[in-house]
Amino acid sequence: MKAKYITLAAAAALAVSMSSCNDWLKDEGPGSQDFDDFFTGGAVAIQTVNACYAPLAWEYNHSYFSEWYFGDIASDDALKGGQDLADGAEAYDIDNFKVNANNGICLDYYRAKYQGIARCNLALQQVEGVEPDDDMTEARKDCLMGEAYYLRAFYYFQLVRVFGGVPLVDFVVDSSERWQQPRATAEEVYEHIIADLKLAESLLWDKSKYPATDLGRATRGAAQAMLCKVYLYMKDYDNAYLWGKKWVDTQYGSEYRLCPTYFDNFTLAGENGPESVFEIQYMADPTSDYGEGFGFTRGTFSTVLCRPRFSRLPLGRKGWGWNHPTQNLYDEFEEGDPRREATIGEPDAASALEVEVNYLGSTYYNRKVAYEDGVDFPAIDHDSRSPLNYRLIRASDVLLLYAEAALESGKDTNAAKWALEQVRARARANAANPSALPAFPGYGYADNTEGLRQAIRHERRVELGMEGHRWFDLVRWGIAFETMDKDQGTYGRSETAEARAEMANFIKGKCELFPIPAEEINLNPMTQNPGY
């Protein structure tokens, strides 16, 4: 009887539990935590937002995937480089418009940005509910929220420029039911970016309010600069002009100014300097991420990738010779422009004869990420890692964006000329012969709308050369085919015969974007970009 009673009692209990939605099955086990248990103070909130920055610095997982693979190598500014044609097959495909949906660079780039977005979503969900304390004032909490909004916008901006529309995820994915999300249109992604940036701009601090130990964080000026830039990508020139003007009126000259010496922007000593609007923070690190992947080291791979392959350089100073500047970029500079020497390194006569220094006719290297001290290449703590920051937005970039917006909106041609001249004046002051860089329109451009447009585009190329901007400029201006096609493009037709032999034809309506990675489509079914 007792056994039977127990069985009936158990059955009754089971029925009760089933009628109450199996709550007993959902009880948390010993030692489990939820978000609220963790987010208990300001120090945790700060650490959570700090973590949002980290994926910006990631450059390696299964392959190398720095943004300059797209911004430089896909453009007329650079060739892939490396030891030979076979070195880095997936980068070779990017260089020559042969990319397919299995490209590992595209996959790792895509996934790194969504890691950043996920971290931002967590911060935005949890930090707002944390009470101020000794570690975080109410004002600091607001600013932290602004940083998370800014970074989420920045990650989505990086994605939409490369892939077009992507899934929009602005929440913490905390269940399998929320994991698969539809692909948004590019327009929807840009609108989401704008909304985040406006929230960020209202919450962020000016650069001068941050203590020196916090330099490198997102600022109000960075949000304003990005709003100008994103509106230009949307071809909303009126709003681009309004935000560019706001940056000029409230930030330029007080929070930001041009460095007197151009190359100071690309040195270790010049990090987070007066011209820096936003840059990726790196530090010396003796570890490597080989076999480890995302985020295993805090140094940058770009330095060793882009340093030249000179045999005279010992390990720790020697490079792998990727991202070779083209002769076409070299020729874009006006004679006497000091920015050419600051951008493009040239080997000495003996080094130029080395087979591995020459890639399809180019022996040049990118000086801006090579981490030079003016005499030589300083040794780095690990033979693949450097502490040199990567500059994402400089004041000269914002001035030229503002010039473009002022011109294209029809709001203020004089403002466009003024902003253009700010950038040229610094280059002129650095030149051995200042008369070599006259003010607009005295150097081959007519004093009319089209002449000013071409002058601004020229200035963006020589001022920002080898900084990862060129490809995206060509696409948003709608001149990628006219520039890049090997048969009809101004660059394609002028490249060396050996480089042209490797190029595929540029297909309009396809090659402006890169394919959504096939592995991502398998996991989250969505429409592929046209032509892939």
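# A guided tour of the chain

Start with the outer surface. The accessible surface of the protein chain is about 21900 Å², and carbon and sulfur atoms hold 53% of it. Such areas come from the Shrake-Rupley method with a 1.4 Å probe, and for residues only the protein chains shown count as cover.

This is a predicted model, in which local features need pLDDT of at least 70 and side-chain atom pairs count only at pLDDT 80 or more, while totals for chains, interfaces and linings use all residues. Residues are numbered from 1 along each chain as its sequence is written, and side-chain values use heavy atoms, with hydrogens and water left out.

**The whole chain**

Switch to a cartoon view. The protein chain has 21 helices and six strands. Here helices (H or I, at least four residues) and strands (E, at least two) are DSSP runs, numbered from the N terminus. The radius of gyration is 26 Å, close to the 24 Å of the globule rule for 532 residues, so the chain is as compact as a globular protein of that length. That radius is taken over C-alpha atoms, and the rule is 2.2 Å times the number of residues to the power 0.38.

Now show the C-alpha atoms alone. Along the principal axes they fill a box of roughly 105 × 50 × 45 Å. Of the 532 residues, 57% count as buried. Buried means under 20% relative accessible area, exposed over 50%, and partly exposed in between (1.4 Å probe, protein chains only). Next, consider contacts, meaning heavy atoms within 4.5 Å. Among contacts between residues at least 6 apart in sequence, 69% join residues at least 24 apart.

**The cavities**

Go inside. A search of the whole structure finds 10 cavities of 30 Å³ or more. A cavity is a set of points, on a 1 Å grid over the protein atoms alone, where a 1.4 Å probe fits but cannot get out; lining residues have an atom within 4 Å of a point. Grid points are joined across faces, edges and corners, and a volume is the space filled by probe spheres set on the points.

Select L56, S66, E67, I280 and Y390. Of the 15 residues that line the largest cavity, these are the closest to its centre. The largest cavity holds about 140 Å³ of space. Two elements, α6 (104-126) and β6 (390-394), give two or more residues to its lining. By class, that lining has nine nonpolar, three polar and three charged residues. Ala, Val, Leu, Ile, Met, Phe, Trp, Tyr, Cys and Pro count as nonpolar, Asp, Glu, Lys and Arg as charged, and the others, Gly among them, as polar.

Keep E67 selected and add R161, K229, L392 and H469. These five lie nearest the centre of the second largest cavity, which is lined by 13 residues. The volume of the second largest cavity is about 110 Å³. Which element gives the most to its lining? The answer is β6, with four residues. At least two residues each come from α7 (138-163), α9 (220-233) and β6. The classes here are six nonpolar, two polar and five charged residues.

**G71 and its contacts**

Select G71 in helix α4 (residues 68-73). G71 counts as buried, because its relative accessibility is 0%. Leaving aside neighbours within four places in sequence, G71 is in contact with G468, H469, R470, W471 and F472. Pick out H469 from that group: H469 is also one of the residues nearest the centre of the second largest cavity. Then draw a C-alpha to C-alpha line from G71 to D473. The two are 402 residues apart in sequence and 8.8 Å apart in space.

**N366 and M466**

Move to N366 in strand β5 (residues 365-366). Is N366 buried or exposed? N366 is buried, with a relative accessible area of 1%. Residues up to four places away in sequence aside, N366 touches D72, C306, N323, P325, T343 and M466. For a longer line, try C228: N366 and C228 are 138 residues apart in sequence and 28 Å apart, C-alpha to C-alpha.

Follow the contact to M466, in the loop between α17 (449-463) and α18 (470-476). Phi of M466 is near 65°, a positive value in a residue other than glycine. M466 counts as buried at 1% relative accessibility.

**Two backbone stops**

Select F97 in the loop between α5 (89-95) and α6. F97 has a positive phi of about 60° although it is not a glycine. At 13% relative accessibility, F97 is buried.

Finish at F440 and P441. A cis peptide bond joins them, with omega about 10°. P441 lies in the loop between α16 (413-430) and α17.

Key
1 Å grid on protein atoms, 1.4 Å probe; cavity = no way out; pocket = protein on both sides within 12 Å on 5 of 7 lines; lining within 4 Å.
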